[in-house]
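Trainee: I am new to this structure. Could you take me through one part of it closely, namely the way its helices pack in pairs?

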Amino acid sequence: MLTAYQMLGRIAALLVLVQAGTIGYSSFAHGNETASKIHEVTGMMALPVVLVVMLVLAFLAKSSVSIKYGAALVLLVIVQIGLGSMGAKMYWLGALHGVIALVIFGAAAMAAVMAGREAKAPQAGV
C-alpha cells in the first residue's frame, strides 16, 4: 500500500507541474481557453481525487507519517481551491494561490519520498 501511496505522491506532484505549465501557457497565450480548462480540471478534480486516495491508503497502511502528509495535502488543496476561487476578486489571494501550489508540490514529493523510505524499512514485530 505504501508503494501505491508513493506512486500517487509522485502523480500529485506531476499534476501540480501540469497545472503550473497550463496556467503559464494560458497567461502567455492571452487567456487560452483549453489551457485554462486543463488547469481547472486538474486542480478541481484530478488532484483532489489523487490526494483523497492517498489519505485512504495511508490509513489502510496504518502509517502515521503518510497519514500526516496525506491529511496536510488534502487540507492544502482545500485551501488552494478556495484561494483560486476568490483570487479573481481579490488579487492578493491569487498570488497566494501560486505560492501554495509550490508548497503542495513539495509536500507531495516529500510524501512520496517518506513513503518509499518507510516501505523499505524493516517492519518491527514481523
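Mentor: Gladly; here is a close look at two helix pairs. This is a predicted model, in which local features need pLDDT of at least 70, side-chain atom pairs count only at pLDDT 80 or more, and totals for chains, interfaces and linings use all residues. Residues are numbered from 1 along each chain as its sequence is written, and side-chain values use heavy atoms, with hydrogens and water left out.

Let us start with helix H1 (residues 2-28) and helix H4 (residues 91-120), whose axes come within 8 Å and cross at roughly 160°. Helices here are DSSP runs of H or I with at least four residues, numbered from the N terminus; axes are lines fitted to C-alpha atoms over the stretch in contact, with angles from 0 to 180 degrees between N-to-C directions. H1 is therefore roughly antiparallel to H4 (an angle over 145 degrees). Contact means heavy atoms within 4.5 Å. On the H1 side, the residues in contact include Leu2, Tyr5, Val16 and Leu17, and on the H4 side they include Ile104, Phe105 and Glu118. By class, this contact of H1 with H4 has 15 nonpolar, 3 polar and 2 charged residues (nonpolar is Ala, Val, Leu, Ile, Met, Phe, Trp, Tyr, Cys and Pro; charged is Asp, Glu, Lys and Arg; polar is the others, Gly among them).

Now turn to H2 and H3, whose axes come within 8 Å and cross at roughly 160°. That crossing makes H2 roughly antiparallel to H3. Among the residues that meet are Met44, Leu47 and Phe59 in H2, and Ile67, Val74 and Ile81 in H3. The contact of H2 with H3 divides into 15 nonpolar, 3 polar and no charged residues.

Conventions: Helix = DSSP H or I, 4+ residues; strand = E, 2+ residues; numbered from the N terminus. Parallel < 35°, antiparallel > 145°, perpendicular 65-115°, else oblique.
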